[in-house]
Amino acid sequence: AITEDSLHEWKNGNLGFEDHAEAQQKTETPYAAPQDDFVYVPRYDAEISAGPGSFHDQDQVRDRLAFRRDWIREVGLQADQLALVTVRGDSMEPTLSQGDLVLVNLVATEISADGGYVLRRDGTLVIKRLQTTITGDVYIRSDNPRYAEERVCKDMLDMIRDVGRVV
């Protein structure tokens with residue numbers, strides 16, 4: 001945290017950038033956490049559709065958002081395998097709404113459990129809920145009841161290109 005004294009010293013030229021950073025690290029507040037307590041996950045300048053889809057491989061990293069390192073570890077994730085994208089559309093309402101930001105585990109590409117997944121369809125990405133059956137078939141569902149579910153037989157599962165699981 002920046003104290004009034006250190007800000008005054010810095011403004012008067014008595015602290016260089018390195019001194020200011022060092023002074024800032026020494027002053028602790030109940031809300032401050034050391035820099036290494038966080039990991040930074042890229043937020044892509046893209047939208048994942050809860051509908052027709054719009055995320056493409058060439059989308060750029062817009063910025064990075066901080067997540068507590070201990071939480072990432074606790075839920076069994078690795079920061080370099082995560083991405084943040086924005087939801088577009090209403091097919092996943094009320095769970096996800098237009099403009100919501102979702103965290104996607106990019107290495108969870110096998111449909112191993114029921115849940116939200118990002119799927120590639122015709123070059124674009126969509127977010128849907130997948131549910132497996134005892135026979136190995138998969139249902140692709142929207143949370144919004146206005147959208148019809150799809151059933152994919154286990155023999156046709158190679159048609160589903162899973163990009164990642166929503167955390």
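Val75 counts as partly exposed, because its relative accessibility is 39%. In this predicted model, Val75 sits in the loop that runs between α3 (69-74) and β3 (82-88). Together with Trp71 and Val167, Val75 makes a nonpolar surface patch of about 240 Å². From that spot on the surface, here is a friendly tour of the rest of the chain.

**Overall layout**
- The chain holds three helices and nine strands.
- Following the sequence from its start, you meet these elements in the pattern α-α-β-β-α-β-β-β-β-β-β-β.
- The chain has 167 residues, and 34% of them count as buried.
- About 10600 Å² of the chain is exposed, with carbon and sulfur atoms supplying 48% of that area.
- Among contacts with a separation of 6 or more, 55% are between residues 24 or more positions apart.

**Inside the chain**
- Twelve residues make up the largest nonpolar core, including Ile48, Val85, Met92, Leu125 and Val166.
- At least two residues of this core come from each of β3, β4 (101-105), β6 (124-132) and β9 (161-166).
- Another core lies apart from it and has nine residues, among them Val41, Phe67, Leu82 and Leu84.

**A meeting of distant positions**
- Glu47 belongs to strand β1, which covers residues 38-49.
- Glu47 is partly exposed, because its relative accessible area is 31%.
- Although Glu47 and Val85 are 38 residues apart along the chain, their C-alpha atoms are separated by 5.8 Å.
- Val85, for its part, is one of the residues of the largest nonpolar core.

**Strands that pair with β6**
- Strand β5 (residues 115-121) pairs with β6 in the antiparallel sense, over seven bridges.
- Arg120 has Leu125 in β6 as its bridge partner, and Leu125 is also a member of the largest nonpolar core.
- Two residues lie between β5 and β6 in their hairpin, and Asp122 in the turn has a positive phi of about 50°.
- Strand β7 (residues 138-141) runs antiparallel to β6 and is joined to it by four bridges.
- Here Thr132 has Val138 in β7 as its bridge partner.
- The hairpin of β6 and β7 has five residues between the strands, and Gly136 in its turn has a positive phi of about 95°.

**Salt bridges**
- Side chains of opposite charge can pair when their charged atoms come close.
- The count of salt bridges comes to six, and three of them are introduced below.
- Asp90 and Arg146 form one of the salt bridges, with their closest N and O atoms 2.4 Å apart.
- This pair links distant parts of the chain, as Asp90 is in the loop between β3 and β4 while Arg146 is in the loop between β7 and β8 (150-152), 56 residues apart.
- Arg146 is exposed, because its relative accessible area is 62%, whereas Asp90 is partly exposed at 21% relative accessibility.
- Arg129 forms a salt bridge with Asp143, and their closest N and O atoms are 2.8 Å apart.
- Arg129 in strand β6 and Asp143 in the loop between β7 and β8 are 14 residues apart, and this pair too links distant parts of the chain.
- Arg129 counts as partly exposed, since its relative accessible area is 31%.
- Asp70 forms a salt bridge with Arg68, where the closest N and O atoms are 3.3 Å apart.
- Asp70 is partly exposed at 41% relative accessibility, and Arg68 is partly exposed at 36%.

How values were computed. Residues numbered from 1 in each chain as written. Predicted model: local features only at pLDDT ≥ 70, side-chain atom pairs only at ≥ 80, totals over all residues. Heavy atoms only, no water. Buried < 20%, exposed > 50% of the residue type's maximum accessible area, 1.4 Å probe, protein only. Contact = heavy atoms within 4.5 Å. Areas by Shrake-Rupley, 256 points an atom, 1.4 Å probe, with all protein chains shown as cover. Patch = residues over 30% accessible without salt bridge, like charges linked within 9 Å, V, L, I, M, F, W, Y side chains within 5 Å. Salt bridge = Lys/Arg side-chain N within 4 Å of Asp/Glu carboxyl O. Core = buried A, V, L, I, M, F, W, Y, C linked by side-chain atoms within 4.5 Å. Pairing = 2+ DSSP bridges.
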